[in-house]
Amino acid sequence: MTGENFTQLLRRKILIFDGGFGSELYRRNFFVNTSYDGLVLSNPKEVTAIHQSYADAHCDVLTTNTYNANALKLASFGLAEKSAEINRAAVALARRATAGKPEILVAGSLGPLGDFPFEEAVAALTAQKNALTEAKADLLLFESISSKNDLRIVLALKMDDATAWMPSFVLDETGKMDDGTDIDEINAMLQTAEIPPAAWGINCGTGPEATLQAVTLAAKKVSLPLVVQPASGVPRRVDNRFMPMTTPEYFTTYALRYTTLGARAVGGCCGIGPEHIADLARSLKPLVKTEHAAVFEVQVDPAALLEETPLAQKSTFGAKLASGKWLKLVEMIPPRGIDLTDTVNKAVKVREAGFDAINLPDGPRASCRLSQIVTGIEIAEKAKIETVIHCCCRDRNLISLQSMVLGCMAKNLRNILFITGDPPKLGNYPFSSGVFDVDSIGLVKLQKQLNRGVDIGGQALGNGIKTEIVCGVGVDPNAIDPEREYRRLAEKVEAGADFIITQPVFDPDVLIAFLKKIAHFQVPVIAGVWPFASYRNALFMKNEVPGVVVPDWIMKAMEKAPNKESQRAEGIHIARLILEAIHGEVRGVATSAPLGRVDTAIEVCHGF
């Protein structure tokens, strides 16, 4: 594999790097008085097993166990003269794990030497670089650069234009290295390189959240492909316990945010293991497909198209939208089992409290629940309140999606929120695959065509039959890439969206600014305002739910409340403050019943 091919791959698809190597060796009971790099000679079986675990996790790039495999660092273990042998062996072991998977690249790892005299450091890294290059590493990865001096040493090396190279920097949340060097200064130094790097990396650091702040800054300033590999970070204090936060799902959530910002490769550093990379691969690969999901297009005979039913005549909810009425919705998650008694009782309570409709998610966050359609039928028949059925592109192909819509129409479930959906990434269902034949934009187009009596194949439903569905779409005012979010919303509106529901918003100013930007769409916006049930709930929403940004003042207020009931009361108070601030700017509110407690949702909306 040549450097040019590495560059081409970065442009063609998002790559997945492996995770930490030293932390994996430590987990296998190799303690810190051991030369981890020397293990490629003394214990190649364990080194190969770690590479194999990452290859089996479906990463695209394996990193050699050579972070400190230079003569200066190896000298303390009496292995300085074995540097070249160790580096060559390390590449061979990584290659062994790619047997049968020639598409996996091998990156030769080189750690920083900024604490050593300049000339000695340059000589040691040059020898290591040459050994990795001779062993046919696809990429030279200069990791954990944390000072100008570290970078000066790398830039003093004579690179070979046949092998790609990439510097990777340790940045804090302000985008600076340990010595205060910022991204602009780094870019200026890289401009002096005789052979420019193939990519620009960020690695290690204090965890995925702090790395997100650095990536946000780098994405605006770096023109090279961005590669992000955070460390697992330090445990957080929760209820006077220190808890490690970087579970595989937590890591994946942040990795997906990096790609939304434009990262062309993601992976992990210290503390990130094969289980994290496996979860990332399971999530990222189907999600990338949604960026290229087929937008529904088919040639239709104009004569076959019927007149679409006016919004006010499609449903009671549609009539309220058309009239300009303030709307109140509450999200209720269908049960895991088959007993809907409690769900119906809660729906009755919600109707009596003056709500207009109940949101019913479709496998929220890739979980498995009772069909939202069956739930909606039961609620409509027994609780006498309308529902907004969510329809997710993840689990069904186009034929099945059309069948679902026709089923909704047949059972008088006429309000549907069309969403692309989360990839099937949760640990309980790792074997499930995402379909993503179409995204939410294409799905709205499909629905609008069905509303005029023509199916996905361009065939008339016949006998004057057409659907009368009120089409809703989602939007995230907190999106990391606001231009992409605006562009996609514009396409949804152009496709025919009748209303918009936002992701939960906890900063009124952010929502109001976003509303001003989209005001010309003239489509009713219903704001997501969710109360927190507890501090733990707030922590979960902040860290693990994509598209949710929780301001620090809210986290402090929730943490200050002494017990769960007072935290619940504080969550309601905060939600009402937000609702009061945005009441005149939106057409309604979509709240939630955290932990199934509809009383909380009722308290939030009381008086509005």
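**Figure 1. A salt-bridge network joins Glu308, Lys314, Lys448 and Asp498.** The view is taken from a predicted model. Within this network of four residues, Glu308, Lys314, Lys448 and Asp498 are linked by salt bridges. One of the pairs is Glu308 with Lys448, whose side chains meet at 2.9 Å, N to O. This pair links distant parts of the chain, 140 residues apart: Glu308 sits in the loop between helix 12 (274-291) and helix 13 (311-314), and Lys448 belongs to helix 18 (residues 440-450). Glu308 has a relative accessibility of 24% and therefore counts as partly exposed. Lys448, at 15% relative accessibility, counts as buried, because the cut-off for that class is under 20%.

**Figure 2. Asp599 and Lys349 form a salt bridge.** The closest N and O atoms of the two residues are 2.9 Å apart. Asp599 is in helix 24 (residues 598-605) and Lys349 in helix 15 (residues 341-352); with their positions 250 residues apart in sequence, the pair links distant parts of the chain. Asp599 is partly exposed, its relative accessible area being 34%. Lys349 is also partly exposed, with a value of 39%.

**Figure 3. A salt bridge connects Asp56 with Lys101.** The closest N and O atoms of this pair lie 3.6 Å apart. Asp56 is part of helix 4 (residues 44-56), while Lys101 is in the loop between helix 6 (83-97) and strand 3 (105-110), so the salt bridge ties together parts that are 45 residues apart in sequence. Asp56 has a relative accessible area of 45% and is partly exposed. Lys101 counts as partly exposed at 23% relative accessibility. Side chains of opposite charge can pair when their charged atoms come close. A search of the whole structure finds 27 salt bridges.

**Figure 4. Four acidic residues form a patch of negative charge on the surface.** Asp172, Glu173, Asp178 and Asp179 gather in this patch. Asp172 is located in the loop between strand 5 (164-169) and helix 9 (183-190). With a relative accessibility of 31%, Asp172 counts as partly exposed. That value satisfies the patch criterion, because residues in a patch need over 30% relative accessible area.

**Figure 5. Tyr26, Phe31 and Val32 make up a nonpolar surface patch.** Together, the three residues have about 350 Å² of accessible area. Val32 is found in the loop between helix 2 (22-27) and helix 3 (39-42). Val32 counts as exposed, at 69% relative accessibility.

**Figure 6. The side chain of Lys542 contacts the backbone of Val550.** Lys542 is a residue of helix 21 (residues 535-544). Its side chain reaches the backbone oxygen of Val550 at 3.3 Å. Lys542 counts as buried, with a relative accessibility of 16%.

**Figure 7. Met243 is shown together with Asn29.** Met243 is in strand 9 (residues 241-243). The relative accessible area of Met243 is 29%, and the residue is partly exposed. Met243 and Asn29 are separated by 214 residues in sequence and by 22 Å in space, C-alpha to C-alpha.

Technical notes:
Residues numbered from 1 in each chain as written. Predicted model: local features only at pLDDT ≥ 70, side-chain atom pairs only at ≥ 80, totals over all residues. Heavy atoms only, no water. Patch = residues over 30% accessible without salt bridge, like charges linked within 9 Å, V, L, I, M, F, W, Y side chains within 5 Å. Areas by Shrake-Rupley, 256 points an atom, 1.4 Å probe, with all protein chains shown as cover. Lys, Arg positive; Asp, Glu negative; His and termini not counted. Charge placed at Lys NZ, Arg CZ, Asp CG, Glu CD. Helix = DSSP H or I, 4+ residues; strand = E, 2+ residues; numbered from the N terminus. Buried < 20%, exposed > 50% of the residue type's maximum accessible area, 1.4 Å probe, protein only. Polar contact = N/O pair within 3.5 Å; in protein donor to acceptor, adjacent residues only side chain to side chain.
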